[in-house]
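This report describes a single chain, with attention to model confidence, overall make-up and aromatic side chains. The sequence and coordinates are shown below for reference.

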Amino acid sequence: MKKGCLWLSFSAVLLLFGCTKSGDDPEPTAKYVKFEDATFEAYCLANFDADGDGKISLEEAETVSVINISSLKIRSLSGIEHFTEIKELYCQHCQLTELNLRNHKNLEKIDASNNPWKTVNLSDCDNLTRADFFGFSDIEYPVFESLDVKIALRLYI
């Protein structure tokens, strides 16, 4: 009986205080945008980190309407999927090869010229009316390996 009470007491302590390893981050990372490109992250922190905590929360990302990273030599826009309310994206003269803006329903305009594009996904960007992907080096028109544009016919590319 004494063994049972001791086990019950030990279990109660674990439930009350929890079991975490030392150094565990108490805040789940799912609350914050993860970036692959340090330059894109630095741009976002400088412009959209409203609370100054050195991270872009999902809530902060959802308040952004314009992103202008032109000429910053960014290689990846991983993390942009959380900026769901952007209306305008300017990313010309970067080093981008892939862009996935699927389901950015508020996106109206994108200037992504002068990038070595391979894959672009603009599907379900219902309000997109202007997309510029022209001009890279000596190539007048972009060459895509994959271009997904399941959007309204009013788009001017």
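## Confidence of the model

Over residues 151–156, pLDDT (the predictor's confidence in each residue, from 0 to 100) stays under 50. The model nevertheless has 17 contacts for these residues beyond four places in sequence, a contact being heavy atoms within 4.5 Å. The chain as a whole averages a pLDDT of 78, and 67% of the residues score at least 70. A further stretch, residues 4–26, has pLDDT below 50 and shows two contacts in the model beyond near neighbours in sequence. Where pLDDT is low, the predicted coordinates should not be read in detail.

This is a predicted model, in which local features need pLDDT of at least 70 and side-chain atom pairs count only at pLDDT 80 or more, while totals for chains, interfaces and linings use all residues. Residues are numbered from 1 along each chain as its sequence is written, and side-chain values use heavy atoms, with hydrogens and water left out.

## Overall make-up

The chain contains three helices and seven strands, taken as DSSP runs numbered from the N terminus (helices: H or I, at least four residues; strands: E, at least two). From the N terminus on, the order of elements is α-α-α-β-β-β-β-β-β-β.

Of the 157 residues, 32% are buried, where buried means under 20% relative accessible area, exposed means over 50%, and partly exposed lies in between (1.4 Å probe, protein chains only). The accessible surface comes to about 9,900 Å², and carbon and sulfur atoms account for 54% of that area; the Shrake-Rupley method with a 1.4 Å probe was used, and for residues only the protein chains shown count as cover. Among contacts between residues at least 6 apart in sequence, 31% join residues at least 24 apart.

## Phe-48 and the aromatic cluster

Phe-48 belongs to helix α2, which spans residues 38–48. Its relative accessibility is 15%, and Phe-48 therefore counts as buried. Setting aside residues up to four places away in sequence, Phe-48 touches Tyr-43, Ile-56, Glu-60, Val-64, Val-66, Ile-67 and Phe-83. Its C-alpha atom is separated by 8.5 Å from that of Thr-63, 15 residues apart along the chain. Phe-48 also forms one aromatic cluster with Phe-35, Phe-40, Tyr-43 and Phe-83.

## Aromatic pairs

Rings of Phe, Tyr and Trp (its six-membered ring) pair if their centres lie within 6.5 Å; planes under 30 degrees apart count as stacked, over 60 as edge-to-face and the rest as tilted. By this rule there are five aromatic pairs. One of them, Phe-40 with Phe-83, is tilted, at 6.4 Å centre to centre and 45 degrees between the planes. The pair links distant parts of the chain, with Phe-40 in helix α2 and Phe-83 in the loop between β1 (66–68) and β2 (88–90), 43 residues apart. Phe-40 and Phe-83 are both buried.

Trp-117 and Phe-133 form an edge-to-face pair, with 5.6 Å centre to centre and 75 degrees between the planes. Trp-117 lies in the loop between β4 (109–111) and β5 (119–121) and Phe-133 in the loop between β6 (130–132) and β7 (146–148), so the pair ties together parts 16 residues apart in sequence. Trp-117 and Phe-133 are likewise buried.

## Ser-70

Ser-70 is located in the loop between β1 and β2. Without its neighbours within four places in sequence, the contacts of Ser-70 are Tyr-90, Cys-91 and Gln-92.
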